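Here is a protein chain to look around in. Let's start with a basic idea and then take a tour, stop by stop.

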Amino acid sequence: MPYKLSATLSSHTSDVRAVASPSDNLILSASRDSSAISWSRVSMSSFAPASVLRAGSRFVNAVAYLPPTPRAPRGSIVVGGQDMVVNIFTLDALNKDDPEYTLVGHSDNVCSLGVSPEGTIISGSWDKTAKVWKNFTLQYDLRGHEQSVWSVLAISETQFLTASADKTIKLWNQHKAVRTYKGHRDAVRGLALVPDIGFASCSNDSEVRVWTMEGDAVYTLSGHTSFVYSLSVLPNGDLVSAGEDRSVRIWRGALSLIHPAISVWTVSTMPNGDIVSGCSDGVIRVFSESEERWASSAELKAFEDQVANQSLPSQQVGDVKKTDLPGHEALASPGRKAGEVKMVRNGDVVEAHQWDSSSSNWQKIGEQLYNGKEYDHVFDVDIQEGAPPLKLPVNSSENPYAVAQRFLEQNDLSMSKTPAGIKLGNDSNYVDPYTDPYTGASRYTASSTSAPAESRAFKIIPYSKPLSFKQANIPAMQAKMYQFNEALRIEISTEVLAMYPEELAMIEEAFTYLARASSQSSPATALTWAHAETVTQILDRWPMPQRFPVLDLCRLIMAYPLNAPLTSSSREKLFDSLFRACDWTSVISGGKAMTKTQETNVLLLFRTIANSLQEESSASDARWITQVFTALTQAAQLALTKTQRVALASILFNFSCIGIKGPVLTDARALHLSLILQLLRAPNDDPEAAYRTCVALGNVLYATKLQKAPLDIQSSQITDIKGALGAIKSAFPDQRIADIYMDIMALRLTVCPGSASSVTSSALNFQRSL
């Protein structure tokens, strides 16, 4: 029997990066939406979430199952991700935010996990290591790969396999590498044990290889047309693979299961022979060879329609001209082999059809579309080793600048990743790569204003357009806020905390407006102070763990112009509420690391402040800025995360943009400079935070010269700045860091005592000494 769709699992809101299926009735999944979910079978062809597990706000990229123990009779789920730790949750509760165990040791993203039959855990990471954990403590540290460890396997309690982006696979006996397998031509992404033979591996080179443990290559399987990410083995020994060409392939029968998604990130097999896949569309799908577990006819038809309407991958379109393609008459001839793809012309549309040997028919699998629109070209753009190529749709008549800008914004890339062949007019643009808990991203485009005629041609300074943190998954944010509200409403002890009907109406208006604004539609009316005030009222009542979607809503409200500018007193009231909502007093006085809840809330607070510093009018009355900056000076004592440091640096950058356009009040200016000095001196391993802080300093110096406004600074601070700038330049080899450093150094050459009589001697000496 052919494999057909059995079940569709759709609770995740972003890419499903890993799945595990230890039994016929249990599926575990990990997603970029920061959650892991355990799913239980409720019928022959359906599953439902049994528990949702979330230990933080970062991507979850790996998942594994830990067998039952007396303390965890249903077993445990092991997850790893961008937070660089391995978390273990018992499968005995509906929802959990706090793991039973947290294994700390990796220094970068945890991207792969494995568990031995006896319960030993092995984890692989972008930090180039694999680590073996026994009884939840570190047993072995496996070092030897030159790049990220993308896949791990526990063969026994003392033997392990690791696969790496360095194109090799290693066999380990305890902590010693005893054999290295070479043959793949690109990053090795997945491993699976093959009974009676050895193991199989898959790679970005689009091949699957089967090896003996002694190192002999048994055979190579070719058929995928792009990266192959994941492998599994069916109970009968058949290999199953998943990859970037939208397919899951069952190799013995040469069967391809095409998916309506760009990437099939992960595949797993059940003891009953069913196949589980996880995709970039956030959906988990189960396919079965057993007719009794097939989905209904309507569901099968809907799935086939989804596949048929999905965009055709560009590697299958290539540079073929429509006029060179045959029409539908070419489909009268049978295919030569299962999985063969044929492109035909249907009017002005290019269609792809794949030969299905089980039904002896051609099945339509796509058109030359991207996100539902037809383009003249859809190119693959390689961005990063070990990552799939990104799609760059282009029409011949489009402005290359607009194409590149759209590409960067859609894929959350910095300007250093500009696609080759497209030159943007000004290298001062930058896109922030951080993705928030709702899969939105913060990004900005900054452009230079004209420098005074007497100054040198700066490469970076002045940056005069502030950034904004605008993008988000509005439906996910709205659903989470309403979910929390319903949970409060149905409990007698908390029902008074739930939103009132008039508040619900205001929140609904805000989400409707933001959904239209974020999609670049023109909302009928703008938001008002009443909408922002409603948010503060809810924040004042809701419990701390439930506040993050409300804070995120406030972040977005402040990113778009209200129907009338807020007064300084309104802003003071707003930020007083936001700092309270983040438990700021406790955060700065606790003397210990922030909790995950505090960490998320503080990040959203910083982003809201940055969004509030978009216009000169926001600084016309600086009392609220003085209030905010005074509070932020206390952040120097905190152990900020990378994303928090970037957000704080963005606040300083935005205010420096306002300072370029016109004078700001002395108190706010002095606090702003003090914050810049604090952030420059603070330990920092993130080039983006360093870069934004340096640009903020450059803008301040530039404005000082331009406006002939005095700076109040001590000679000791000058020494500190010089040392901090030198350390940043040495620590980060980025060209943009070198450029901003040289711009700041050059500013001293453009200041002369005769032309700046109103500048104090300390300010003049400050710039000269740099």
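Two residues are in contact when heavy atoms of theirs lie within 4.5 Å. With that in hand, look at Asn601: leaving aside neighbours within four places in sequence, Asn601 is in contact with Met544, Arg547, Phe548, Leu551, Ala581 and Cys582. Asn601 sits in helix α10, which covers residues 596-612. Is Asn601 buried or exposed? Since buried means under 20% relative accessible area, Asn601 counts as buried, because its relative accessibility is 1%. One thing to keep in mind as you read on: this is a predicted model.

**The whole chain**

Now zoom out. The chain has 770 residues, and 57% of them count as buried. You'll find 17 helices and 36 strands along the chain. Take the contacts with a separation of 6 or more: 54% of them are between residues 24 or more positions apart. As for the outside, the chain exposes about 31,500 Å², and carbon and sulfur atoms supply 50% of that area.

**The nonpolar cores**

In soluble globular proteins, nonpolar side chains tend to be buried together. What does that look like here? The largest nonpolar core has 105 residues, and Leu553, Ile557, Trp584, Phe606 and Leu632 touch the most other members. Pick Leu553 and follow its partners: not counting residues up to four places away in sequence, Leu553 touches Met477, Met481, Ile507, Ala510, Phe511, Leu514 and Val535. Apart from the largest core lies another one, made of 20 residues, including Tyr3, Leu255, Leu257 and Phe287.

**Empty spaces**

Rolling a probe the size of a water molecule over the atoms shows where empty space is left. How many cavities of 30 Å³ or more does the structure hold? There are 5 of them, and the largest cavity has about 110 Å³ of space. Its lining is made of 17 residues, with Ala55, Val60, Val79, Asp83 and Asn87 nearest the centre. Strands β7 (76-81) and β8 (85-90) are the elements that give two or more residues to this lining. By class, the lining of the largest cavity divides into 8 nonpolar, 6 polar and 3 charged residues.

Then there are the pockets. The second largest pocket has a volume of about 1,000 Å³. It is lined by 36 residues, and Arg54, Asp97, Lys480, Phe484 and Phe548 lie nearest its centre. You've met Phe548 already, as one of the contacts of Asn601. Which elements each supply at least two residues of this pocket's lining? They are β5 (46-53), β8, β9 (95-96), α4 (474-489) and α10. The largest share, 6 residues, comes from α4. The classes in the pocket lining are 14 nonpolar, 14 polar and 8 charged.

**Odd spots in the backbone**

Most residues other than glycine have a negative phi, and most peptide bonds are trans. Lys128 has a positive phi although it is not a glycine, and Gln174 likewise has a positive phi without being a glycine. Here they are side by side:

| Residue | Phi | Loop | Relative accessible area |
|---|---|---|---|
| Lys128 | about 75 degrees | between β12 (121-125) and β13 | 41% |
| Gln174 | near 55 degrees | between β17 (168-173) and β18 (176-182) | 34% |

So what does partly exposed mean for Lys128 and Gln174? The label covers values between 20% and 50%. Lys128 counts as partly exposed because its relative accessibility is 41%, and Gln174 is partly exposed because its relative accessible area is 34%.

The other oddity is a peptide bond. A cis bond joins Ile461 and Pro462, with omega about -5 degrees. Pro462 is in the loop between α3 (400-411) and α4.

**Two last stops**

Lys134 belongs to strand β13 (residues 129-134). Its relative accessible area is 31%, so Lys134 is partly exposed. Neighbours within four places in sequence aside, Lys134 is in contact with Thr120, Gln139 and Glu157. Lys134 and Ile122 are 12 residues apart in sequence, and their C-alpha atoms are 8.9 Å apart in space.

Finally, find Ser589 in helix α9 (residues 584-589). Ser589 is exposed because its relative accessible area is 56%, and exposed means over 50%. Ser589 and Leu638 are 49 residues apart in sequence, yet 9.4 Å apart in space from C-alpha to C-alpha.

Terms used:
Residues numbered from 1 in each chain as written. Predicted model: local features only at pLDDT ≥ 70, side-chain atom pairs only at ≥ 80, totals over all residues. Heavy atoms only, no water. 1 Å grid on protein atoms, 1.4 Å probe; cavity = no way out; pocket = protein on both sides within 12 Å on 5 of 7 lines; lining within 4 Å. Points joined across faces, edges and corners; volume = space filled by probe spheres on them. Helix = DSSP H or I, 4+ residues; strand = E, 2+ residues; numbered from the N terminus. Nonpolar A, V, L, I, M, F, W, Y, C, P; charged D, E, K, R; others polar. Buried < 20%, exposed > 50% of the residue type's maximum accessible area, 1.4 Å probe, protein only. Areas by Shrake-Rupley, 256 points an atom, 1.4 Å probe, with all protein chains shown as cover. Core = buried A, V, L, I, M, F, W, Y, C linked by side-chain atoms within 4.5 Å.
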